[in-house]
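Biologist: Could you walk me through this model, one question at a time? I would like to start with the ligand.

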Amino acid sequence: MNPHEKQFETLSVTYGERGQRPADGVEDVVVPLHLSSTYEVSDINPDVGLEDLDPDEGQFLYSRLSNPTRNALEHRLAALEGGEHGFAFASGTAAIVATVMAAVEPGDHVVAFDDLYGGTRTMLTRLFEERLHVDVSFVDAREVDAVADAMREETSLVWMETPTNPLLRLCDIEAIAEVARDHDALLGVDNTFLSPACQNPLELGADVVVHSTTKYLNGHSDSLGGAAITDCPNLSEEIAFLQRVGMGNMLSPFDSYLVLRGMKTLPLRMRQHNENAMEVARFFEDHDRVRAVHYPGLESHPQHELAERQMSGYGGVLSVELDTDLDGTAAFLGHLSEFALAVSLGGVESLVEHPATMTHSPLSQAERDELGISDSLIRISVGVEHVDDLISDLEAGFAALASHSMASSDAAAMSDDD
Ligand SMILES: Cc1ncc(COP(=O)(O)O)c(C=O)c1O
């Protein structure tokens, strides 16, 4: 099947699976879970090296190098991002470390968004800068000029994430791709927050896209995984080497099976995530106990015009600054029941988290202040439940916040009387 001749929804359901039936006579409709760590070969052949084995021809030797279930997933990942080569990793972090490692050498320079996922930022500083002597400049990539100004002769990689976590800031992939190209640098984009159903960085000029498949691609909060997809043959060769030999950080067959299954409903899920998140964002925007709502789908988002241009859906994640303090925020969160208080995002169930004390607690107060992460900021991953139930739940949170505020002002009045 030529992926270019099929629609996204069709590729999501079957691409990579048909023609993956190595068990003679068994016509599985779904790719089976291949747990074998090794494969029997018919004979020895001194003329065939490891690199000559073609999994698409049923040639498997050892499961770290290639595995039929993972192979099917890697084809589907590539097809959905519109790339040639897909790689499935043990986590999003594993995908990012292999991709960055494939693109840089000691002495190189990387320009990265200053609002990256915390783990990626720590990886770039503690592993690449401090141990591997790769210089990294973090810039506010909402401004393309900030990226252009940071470029040096030795810049080999530009690393972006859009939208960012938790403030949903955007960067202009197409414009930044041009800056990278002008400097012979590669552009990598972490597309975790939107998935290929809502944004296609390769089409916009990126050289490589990564995902934490833990989030929307798997979509059911029951598997950790990562992906890298690229069209560049050299980069692809390096990533393949690192995944299979240099690091051995590929995705397990069972997780590959889960992600393949999860991806079948990606377009359906994303449609509902987008729709529900928009309604929830508007509900918050209209509420008088809210200071700010960060969601690229709202006209009030400062980069809404860019969002309309480069995204085909605005995703299921938003963040909200409640008009209260830490205790009021705790009262609000403590009275939600449909939204589980948990980190992560992208699953079918709605989650809420408190960046200041959860995902961003490793940062100092000063660093959080600089980024704009206050004690009353909450981040929500809107699931696919009925939106009326989600909004009722949020109303219960606001009712608890109102009671809390009343009790606090009564207590303050009593202490004034004393
Ligand atoms: C944008 C983004 N990239 C990468 C990662 C890392 O993925 P994983 O937890 O699968 O290693 C995360 C995790 O939350 C993330 O949000």
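Biologist: How many nonpolar, polar and charged residues does the shell around the ligand have?
Modeller: This is a predicted model. Sort the shell around the ligand by class. The counts are three nonpolar, seven polar and three charged residues.

Biologist: Which helix gives the largest share of that shell?
Modeller: Look at where the shell residues come from. The largest share is three residues. They belong to residues 92-103, which form helix H3.

Biologist: Which residues come nearest to the ligand?
Modeller: There are 13 residues around the ligand. Five names stand out as nearest. They are Thr93, Asp190, Ser212, Thr214 and Lys215.

Biologist: What distance separates a polar side-chain atom of Asp190 from a nitrogen atom of the ligand?
Modeller: A polar contact needs N or O atoms within 3.5 Å. The Asp190 side chain supplies a polar atom, and the ligand supplies a nitrogen. Their distance is 2.7 Å.

Biologist: Which ligand atom type lies 2.6 Å from Thr93 and 2.8 Å from Thr214?
Modeller: Take the two threonines in turn. Thr93 has a polar side-chain atom 2.6 Å from a ligand oxygen. For Thr214, the polar side-chain atom lies 2.8 Å from its ligand partner, again an oxygen.

Biologist: How much of the ligand's accessible area does the protein cover?
Modeller: The ligand sits in the largest pocket. On its own, the ligand has 390 Å² of accessible area. The protein covers 90%.

Biologist: Why are Arg70 and Glu74 about one helical turn apart?
Modeller: Their side chains meet in a salt bridge, 3.4 Å from N to O. A search of the whole structure finds 12 salt bridges. Both residues lie in helix H2, residues 68-81. The separation is about one turn because they are four residues apart.

Biologist: Which residues does the cis peptide bond with omega of about 5° join?
Modeller: Most peptide bonds are trans. One cis bond joins Thr162 and Pro163, with omega of about 0°. Pro163 is in the loop between strand S4 (155-161) and helix H6 (173-182), and Pro166 is in the loop between S4 and H6. The bond with omega of about 5° joins Asn165 and Pro166.

Biologist: What is the phi of Asp184 near?
Modeller: Asp184 is in the loop between H6 and strand S5 (186-190). Most residues other than glycine have a negative phi. Asp184 has a positive value, near 55°.

Technical notes:
Residues numbered from 1 in each chain as written. Predicted model: local features only at pLDDT ≥ 70, side-chain atom pairs only at ≥ 80, totals over all residues. Heavy atoms only, no water. Near = heavy atom within 4 Å. Polar contact = N/O pair within 3.5 Å; in protein donor to acceptor, adjacent residues only side chain to side chain. Areas by Shrake-Rupley, 256 points an atom, 1.4 Å probe, with all protein chains shown as cover. 1 Å grid on protein atoms, 1.4 Å probe; cavity = no way out; pocket = protein on both sides within 12 Å on 5 of 7 lines; lining within 4 Å. Sits in = over half its atoms within 2 Å of the grid points. Helix = DSSP H or I, 4+ residues; strand = E, 2+ residues; numbered from the N terminus. Nonpolar A, V, L, I, M, F, W, Y, C, P; charged D, E, K, R; others polar. Salt bridge = Lys/Arg side-chain N within 4 Å of Asp/Glu carboxyl O.
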